[in-house]
Amino acid sequence: MSLAERELSVRAAQGDVSAFSQLVHDHSNLVYRVASRILGADDAQDASQEVWVRVWRSIKDFKGESAFSTWLYRITVNTCLNTRRRESRREQRETNDDFLYLPEPSGGENDPEAATLSRERMGEVFVALQGIRPEHRAALVLRHLEGLGYAEIAEIMDVPEGTAKGWVSRGRTALLVTLVPDARGGMDGDGAP
C-alpha cells in the first residue's frame, strides 16, 4: 500500500469525508469492474454503491495490515455474493410462491383492453378456485392472495404447519390443472383425450 493510500485510509477512518471521497475516486473502477463481472452490468451499479456504504461504515476497523485494495476486494466480493444469494432466494420465492402473479398490463391503467384482459384472467382464477376442495382453497388464498406465512395459516386453520403446506401445495396443483390446458394430461377442451 502506498503512503498516500495509507494516509487517506487513516484520515477516512477518522471521519474525513474528503479523504474518503478520494479513496472512492481512486478505486471506483475496481469496485465496479468486479461487481459487473460477478453480477452483470445491470446490478453492478447498485452493488457498487452498497460496497461504498459498507466501506464507509467499517473503515474505522481497517488496520492497514493488507493493502487497502485487498480489503476493498474482500468487501466487494462478499457484497456481490450476498446480492447474488438474496436474488437467488427472491427468484426461488417468486417461482414457488407467486404463481398467481399477473403482470401489469403493458398499457397500464390507461389501456382499457389490457385492463379488461387482466380482470378476465383474475376472474378465471377465482372461478377455478371454486372447484378446489375448501381447505385447499382457503390455504391457497391465505398464502398467495393474502401473503400469509405457513405458520400463520396453520394457526388460522388450526392444523399443523406441515398440513398447511400440503394444502397449499395441493391447492396450487389443482388450480394449475384447471387453468393450464396442458396440465390436464393432454385432454382437449371437452375433456376427451
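The following exercises with worked solutions concern a predicted model of a protein.

**Exercise 1. Determine how many helices and strands the protein has, and which pattern the protein follows along the sequence.**

Step 1. Counting the elements gives eight helices and zero strands.
Step 2. Read along the sequence, these elements follow the pattern α-α-α-α-α-α-α-α.
Step 3. Two totals complete the overview. Of the 193 residues in the protein, 31% are buried. Among contacts with a separation of 6 or more, 55% are between residues 24 or more positions apart.

**Exercise 2. Describe how helix 1 and helix 2 cross, and state which residues meet.**

Step 1. Two packed helices are described by the angle between their axes and the distance between the axes.
Step 2. For helix 1 (residues 3-13) and helix 2 (residues 17-39), the axes come within 7 Å and cross at roughly 130°.
Step 3. An angle over 145 degrees would count as roughly antiparallel, and one of 65 to 115 degrees as roughly perpendicular. The angle of roughly 130° lies in neither range; helix 1 and helix 2 are therefore oblique to each other.
Step 4. The crossing of helix 1 past helix 2 is left-handed.
Step 5. From helix 1, the residues E5, L8, S9, R11 and A12 take part; from helix 2, they meet S18, A19, F20, Q22, L23, D26 and H27.
Step 6. Sorted by character, the residues of this contact comprise five nonpolar, four polar and three charged.

**Exercise 3. Identify which residues touch the most other members of the largest nonpolar core, and which elements give two or more residues to this core.**

Step 1. In soluble globular proteins, nonpolar side chains tend to be buried together.
Step 2. The largest nonpolar core holds 17 residues, of which L129, L140, I153, V168 and L175 touch the most other members.
Step 3. Two or more residues of this core come from each of helix 5 (112-130), helix 6 (134-145), helix 7 (150-157) and helix 8 (161-179).
Step 4. Helix 8 supplies the largest share, five residues.
Step 5. A second, separate core has 16 residues, including A19, I59, F68 and L72.
Step 6. Returning to I153, its contacts, leaving out residues up to four places away in sequence, are A139, L142, R143, L148, A164 and V168.

**Exercise 4. Decide whether H136 counts as buried or exposed, and list its contacts.**

Step 1. H136 is located in helix 6.
Step 2. Buried means under 20% relative accessible area. Because its relative accessibility is 7%, H136 counts as buried.
Step 3. Apart from neighbours within four places in sequence, H136 contacts W167, R170 and G171.

Technical notes:
Residues are numbered from 1 along each chain as its sequence is written. This is a predicted model: local features need pLDDT of at least 70, side-chain atom pairs count only at pLDDT 80 or more; totals for chains, interfaces and linings use all residues. Side-chain values use heavy atoms; hydrogens and water are left out. A nonpolar core is a set of buried Ala, Val, Leu, Ile, Met, Phe, Trp, Tyr and Cys residues joined through side-chain atoms within 4.5 Å. Buried means under 20% relative accessible area, exposed over 50%, partly exposed in between (1.4 Å probe, protein chains only). Helices (H or I, at least four residues) and strands (E, at least two) are DSSP runs, numbered from the N terminus. Contact means heavy atoms within 4.5 Å. Axes are lines fitted to C-alpha atoms, for helices over the stretch in contact, and angles run from 0 to 180 degrees between N-to-C directions. Angles under 35 degrees count as roughly parallel, over 145 as roughly antiparallel, 65 to 115 as roughly perpendicular and the rest as oblique. A crossing is left-handed if the near helix is turned anticlockwise from the far one by less than a right angle, and right-handed if clockwise. Ala, Val, Leu, Ile, Met, Phe, Trp, Tyr, Cys and Pro count as nonpolar, Asp, Glu, Lys and Arg as charged, and the others, Gly among them, as polar.
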